[in-house]
Amino acid sequence: MARSEVQIEPASGLRYGQTSIPAVATLVVTSTDPYTRAVAVKAKTANTQKVYIGDSAVSAATGFELGAGESLTVDVNNRDIPIYAISASGTQAVCWMVLS
């Protein structure tokens with residue numbers, strides 16, 4: 001039986017920050033690094049309303065729901081995928097991290 005090896009390169013970069021999310025679709029993060037591996041988004045624990053994650057057309061009816069303190073990690077496999085969010089009402093906040 002032939003044996004194959006897979007070489008995994010170590011992570012080369014880490015970007016992170018926080019974004020205020022009003023009740024309109026807002027760009028949270030995008031990666032211009034062609035070697036991006038994963039993007040994580042977490043709704044801040046102080047939020048009083050849910051936030052919804054999706055593309056530029058995200059809405060409270062169509063987005064991936066995150067309550068206060070909940071998070072989402074997306075393996076993006078070397079692609080630039082912009083992530084947007086919208087709050088149910090008022091201004092909420094998310095933390096985000098990009099691993100390249």
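## A salt bridge and the strands around it

E65 forms a salt bridge with K50, and their closest N and O atoms are 3.2 Å apart; the term stands for a side-chain nitrogen of Lys or Arg within 4 Å of a carboxyl oxygen of Asp or Glu. E65 lies in strand β5 and K50 in the loop between β3 (38–43) and β4, so the pair ties together parts that are 15 residues apart in sequence. A search of the whole structure finds 1 salt bridge.

A word on the ground rules: this is a predicted model, in which local features need pLDDT of at least 70 and side-chain atom pairs count only at pLDDT 80 or more, while totals for chains, interfaces and linings use all residues. Residues are numbered from 1 along each chain as its sequence is written, and side-chain values use heavy atoms, with hydrogens and water left out. Strands are DSSP runs (E, at least two residues), numbered from the N terminus.

Let us turn to the sheet that holds β5. This open sheet has 4 strands in the order β2-β7-β4-β5, with antiparallel pairing; two strands pair if DSSP finds at least two bridges between them. At the edges stand β2 (26–29) and β5 (64–66), each with a single partner strand, so one side of each is left without a neighbour in the sheet. Direction ignored, neighbouring strands here are turned by 35 degrees against each other on average, with axes taken as lines fitted to C-alpha atoms.

Other pairings involve β8, and the table sets them beside the β4 and β7 pair.

| Strand pair | Sense | Bridges |
|---|---|---|
| β4 (residues 51–54) and β7 (residues 83–87) | antiparallel | 4 bridges |
| β1 (residues 14–21) and β8 | antiparallel | 8 bridges |
| β3 and β8 | antiparallel | 6 bridges |

Within these pairs, Y52 stands opposite I86 in β7. V94 in β8 is the bridge partner of T19, and A43 stands opposite V94 too.

The loop between β3 and β4 deserves a closer look. N47 is found there, and so is Q49. Is N47 buried or exposed? At 11% relative accessibility, N47 counts as buried, where buried means under 20% relative accessible area, exposed over 50% and partly exposed in between (1.4 Å probe, protein chains only). A polar atom of the N47 side chain lies 2.9 Å from the backbone oxygen of A93. Not counting residues up to four places away in sequence, N47 touches A68, Q92 and A93; contact means heavy atoms within 4.5 Å.

Q49 is partly exposed, with a relative accessible area of 32%. Leaving aside neighbours within four places in sequence, Q49 is in contact with A88, S89 and Q92. Q49 and G90 are 41 residues apart in sequence, yet 7.8 Å apart in space, C-alpha to C-alpha. As for the salt-bridge partners, K50 counts as partly exposed at 37% relative accessibility, and E65 is partly exposed at 39%.

What about the interior? The largest nonpolar core (a set of buried Ala, Val, Leu, Ile, Met, Phe, Trp, Tyr and Cys residues joined through side-chain atoms within 4.5 Å) has 16 residues, of which V28, V29, V39, V41, I53 and L66 touch the most other members. The elements that give two or more residues to this core are β2, β3, β4, β7 and β8 (92–99). Beyond its neighbours within four places in sequence, V41 has contacts that include V28, I53, L66, I83, V94 and W96.

Methods
Axes fitted to C-alpha atoms, helices over the stretch in contact; angles between N-to-C directions. Polar contact = N/O pair within 3.5 Å; in protein donor to acceptor, adjacent residues only side chain to side chain.
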